[in-house]
Amino acid sequence: LYGMCNTARQEMEETDIQYIDIDWCLTKPEETYAAVASEILRKCTFGHNSVRITHRGRFVARHVSSKPYEAAQRDFPMPNSGVIAITGGNGALALVMGEWMLAKAEEQGASGFSIKFLSRSMKISDLNMPTWKRIQAKAEKMGIQVEQAR
């Protein structure tokens with residue numbers, strides 16, 4: 001449901017969607033019900049948060065639209081020296097980010113910097129290996145050093 005609510009927020013911006021998650025086994029039901037009612041009646045944040053109410057407290061994930069940032073259409077200037085470090089370096093998201101950075105560098109004619117993909121294991125899965133190979137090949141052509149590091 002969490003993912004579905006996030007998707008619905010993106011697709012139906014004019015509709016306020018509030019996601020409230022509670023413990024499956026309530027230790028203090030009356031307190032939990034009061035907390036849920038408080039969330040529902042909280043006008044200033046209704047539809048902007050995902051809330052988890054547990055016996056330990058209230059945890060909030062704030063959702064902010066990226067449209068004002070996207071509308072600014074600011075460039076992402078790539079450096080001509082230095083190191084860019086990407087944590088979670090052998091995961092799919094990190095590799096996608098690395099490919100995007102190389103595309104930006106190519107677009108801007110930037111080179112001379114390095115990208116370090118940081119991870120504890122420094123092992124790329126078989127599934128992610130084709131992406132890593134593409135990154136290495138493109139970076140080599142552009143004069144950008146890429147490496148897996150700890």
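This tour moves through a predicted model, from its nonpolar core to its salt bridges and then to a patch on the surface.

Begin by selecting Phe-113, Ile-115, Phe-117 and Ile-144, which have the most contacts inside the largest nonpolar core, a set of 19 residues. Colour β4 (83-87), α4, β5 (114-118) and α5 (129-142) next, since each of these elements supplies at least two residues of this core, and α4 gives the most, with five residues. Keep Phe-113 selected and display its surroundings: apart from neighbours within four places in sequence, Phe-113 is in contact with residues including Met-78, Pro-79, Ile-84, Ala-105 and Ile-144.

Now turn to the charged side chains, where the count comes to eight salt bridges. Select Arg-134 and Glu-99, whose side chains meet at 2.9 Å, N to O; Arg-134 belongs to helix α5 and Glu-99 to helix α4, 35 residues apart. Then select Lys-138 and Glu-106, a salt bridge with its closest N and O atoms 3.1 Å apart, and note that Lys-138 lies in helix α5 and Glu-106 in helix α4, so this pair ties together parts that are 32 residues apart in sequence. Lys-138 is partly exposed at 26% relative accessible area, and Glu-106 is partly exposed at 49%.

Add Asp-21, Asp-23 and Arg-52, which salt bridges with shared partners join into one network. Within this selection, the closest N and O atoms of Arg-52 and Asp-21 are 3.1 Å apart.

Finish with Phe-76, Met-97 and Trp-100, which make a nonpolar surface patch of about 270 Å². Met-97 sits in helix α4 (residues 92-108) and is partly exposed, with a relative accessible area of 33%.

Definitions and conventions: Residues are numbered from 1 along each chain as its sequence is written. This is a predicted model: local features need pLDDT of at least 70, side-chain atom pairs count only at pLDDT 80 or more; totals for chains, interfaces and linings use all residues. Side-chain values use heavy atoms; hydrogens and water are left out. Patches are made of residues with over 30% relative accessible area and no salt bridge: like charges are joined within 9 Å, nonpolar side chains (Val, Leu, Ile, Met, Phe, Trp, Tyr) within 5 Å. Accessible areas come from the Shrake-Rupley method with a 1.4 Å probe; for residues, only the protein chains shown count as cover. A salt bridge is a side-chain nitrogen of Lys or Arg within 4 Å of a carboxyl oxygen of Asp or Glu. Helices (H or I, at least four residues) and strands (E, at least two) are DSSP runs, numbered from the N terminus. Buried means under 20% relative accessible area, exposed over 50%, partly exposed in between (1.4 Å probe, protein chains only). A nonpolar core is a set of buried Ala, Val, Leu, Ile, Met, Phe, Trp, Tyr and Cys residues joined through side-chain atoms within 4.5 Å. Contact means heavy atoms within 4.5 Å.
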